[in-house]
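Trainee: Could you walk me through this structure? I'd like to start with charged side chains and then turn to the ligand.

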Amino acid sequence: MSMPDFDMVLFGGTGDLARRKLLPALFDAHCAGLLHPNARILATGSHPLSTADYAGSLEQSVRPGLEHAPPEAWAAFLARIAYVQVDAREPGHFDTLARTVLQRAPEVVVCYLATGPHIFVPICEQLARTGLNQRNVRIVLEKPLGHDLQSSDAINSAVAQFFAEDQIYRIDHYLGKESVQNLMAIRFGNALFEPLWRREWVQDVQITIAEELGVETRGDFYDGTGALRDMVQNHLLQLLCMVAMEPPTSLSEDSIRDEKIKILKALKPILPQDVAEKTVRGQYRAGAAGGKPVPGYLEEKGIAADSRTETFVAIKAEIANWRWAGVPFYLRTGKRMQSRVAEIVIHFRDVPHAIFPRPLTLSPQNRLVIRLQPEESIRLYFLVKQPGDTVALTPTSLDLDFANSFKVRRAGAYERLLLDVIRGRLGLFVRRDEQAQAWRWVEPILDTWEESTVPPKPYTAGTWGPAASSALMSRDGALWHEEV
Ligand code: BG6
């Protein structure tokens, strides 16, 4: 399918997300020849800036990360970009923007709202007033969409007055990662795993997104958000859905999303009286990262000295349906952890009767490890006979190392998702009902933490989180998979 001609309006064009993720992703697509020759990027911001000044600022902030790219490619990419001043409170600015887009009349218009959610509604209102909500216009809503169910519902209802649901792309960039796509391929493109992918054969599932970074420059935002809202409500629950959902009837967007919502609805609520037993919240203290000392969360810029915001969460979740009843899904995420790793681990049950001497480990012998970061891989662990004159078994693994197996360029998560918006593919975006259901599930945890007098458990920066996170597992006789 050839790429349609488009204009992409980047609200928040001077912001962190645009510079760190969106523009580099568009640049990669540009270099790969995936953008229509006439396609334009209209970056907007509230300050008056000329396009030349904006391009100059990209030279400082974006270009250094793209050293691999030849100067001609960068120059051609910059030629696609124009800066348009748009202050969300100034209707006149939207008139100018609409004129700029409508005069050229591209096939598709993408409006990417990479701004705080408080201005999503005023922006949509103005887009609609100026005619930028016709059927060829798609809007992309970045997370966080609201702060809780009520505020996210209010934003969704307001946006729905101006845009139909099939024009709204709620982005969760974890769904764009190659390994997540591969998880679908492994599950639904092969008959091998399906019979094993259920309570009879799976002992537990672990999903970890660990970051080595701290809150960096986002203290103000993060302190009012915390890890549960920032990572669990969206990324971790979406990954859980991809692991646990039933086979969709096709790859069509609603077949996949219909299966995901069933899982979200089947998640057992964690009631206030169970929060202490099934969840752990932590906050990092001073420690080390990359061999250097780093400050604790409370010493970071923009963080209240008595903040109780969590930078680490571990949860034992359960899915109440026939396939998964009784199988724990352990979720964990944190900042300033020992290393950057994101992975999904399926632990299969042990043999019912062992006739070989067993290696001394508590971990189940058969594990499927789907790694999303730092490198993408899928690894299946099992036991084989130790070579030589012995009957002992030894663990080994079958590796699907994508980088070495397939020597082709692979799109990053944002690039893949941006191209999907341009092509009008909604399958990897979050539907309104999914988002609401995810909020419904995390809210009792948030409320209980808020009312609790117990502060988050401290952990030293550069470790795997508070000891209580291991205790959450060991109560069930389980261990986190921590092979980095
Ligand atoms: C974002 C969170 O959604 O995901 C950040 O807001 C987090 O706090 C980031 O750092 C992690 O994404 P990735 O792709 O770098 O693992």
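Mentor: Let us begin with aspartate 258, which is partly exposed at 35% relative accessible area, where partly exposed lies between buried, under 20%, and exposed, over 50%, using a 1.4 Å probe and protein chains only. Please keep in mind that this is a predicted model, in which local features need pLDDT of at least 70 and side-chain atom pairs count only at pLDDT 80 or more, while totals for chains, interfaces and linings use all residues. Residues are numbered from 1 along each chain as its sequence is written, and side-chain values use heavy atoms, with hydrogens and water left out.

Trainee: Which residue forms a salt bridge with aspartate 258?

Mentor: Arginine 431 does, with the closest N and O atoms 2.9 Å apart; a salt bridge here is a side-chain nitrogen of Lys or Arg within 4 Å of a carboxyl oxygen of Asp or Glu. Arginine 431 is buried, with a relative accessible area of 12%.

Trainee: How many salt bridges are in the whole structure?

Mentor: The search finds 31, and one of them joins arginine 323 to glutamate 194, with the closest N and O atoms 2.9 Å apart.

Trainee: Switching to the ligand, how far is its oxygen atom from the side chain of aspartate 230?

Mentor: A polar side-chain atom of aspartate 230 lies 2.6 Å from a ligand oxygen, which fits a polar contact, a pair of N or O atoms within 3.5 Å. For histidine 173, an N or O atom of the side chain is 2.7 Å from an oxygen atom of the ligand.

Notes. A polar contact is a pair of N or O atoms within 3.5 Å; within protein, one must be able to donate a hydrogen and the other to accept it, and residues adjacent in sequence count only if both atoms are side-chain atoms.
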